[in-house]
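Here are some short exercises to work through with the model open beside you. Try each task before you read its solution.

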Amino acid sequence: TQYTVHWRITNYGTDIKDVEVKAFLGGNVRFVKVVKSAGSSAPVYNDRTQEVVWTISKVPATTGVVNAPLEAIFQIEATPSSTDVGKYMELIKDTFLKAIDDFTAIELGDSDNAINTQLPDDTTVTPSQGVVLQ
């Protein structure tokens, strides 16, 4: 089953630089392709480690507030195993963002929880639709 992942960055009060967003894919999940990315930066996939990394040199203040957020969209493909039957399959492990405040030089960070086939952020899918069937 293929899924489309949207990573969006909203930045409120200060310019940030050296932004890095990364996450590992779950077991039996593979990276398919980048569909869209903001500017010249696109997520890069390391097939050996199963890590997706998106680096952005600078994100101006009010990105996603006054104008559209930065967004990277990529597709993944999950192939459930027999141990996934009757459960939700992990698609992406926890996502982490780190950046440097351009004014204070303080390192900033944020994270988002892992995503499984329950797809908690997708309101078009009911939780029961994400259970792996035999």
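Helices (H or I, at least four residues) and strands (E, at least two) are DSSP runs, numbered from the N terminus. You are looking at a predicted model, where local features need pLDDT of at least 70, side-chain atom pairs count only at pLDDT 80 or more, and totals for chains, interfaces and linings use all residues. Residues are numbered from 1 along each chain as its sequence is written, and side-chain values use heavy atoms, with hydrogens and water left out.

**Exercise 1.** Place D112 in its strand and classify its accessibility.

*Solution.* Start with the secondary structure: D112 belongs to strand β9, residues 107-112. Next, apply the cut-offs: buried is under 20% relative accessible area, exposed is over 50%, and partly exposed is in between (1.4 Å probe, protein chains only). D112 has 43% relative accessibility, so it counts as partly exposed.

**Exercise 2.** Is V19 buried or exposed, and which residues does it contact?

*Solution.* First, find V19 in strand β2, residues 16-24. Its relative accessibility is 1%, so V19 is buried. Then list contacts (heavy atoms within 4.5 Å). Leaving aside neighbours within four places in sequence, V19 touches I9, W54, T55, I56, V59, L97, K98 and A99. Finally, check one pair: V19 and V59 lie 40 residues apart in sequence, with 7.7 Å between their C-alpha atoms.

**Exercise 3.** Where is Q50, and what is its phi?

*Solution.* Locate Q50 in the loop between β4 (44-46) and β5 (51-59). Its phi is near 65°, a positive value in a residue other than glycine. For context, most residues other than glycine have a negative phi.
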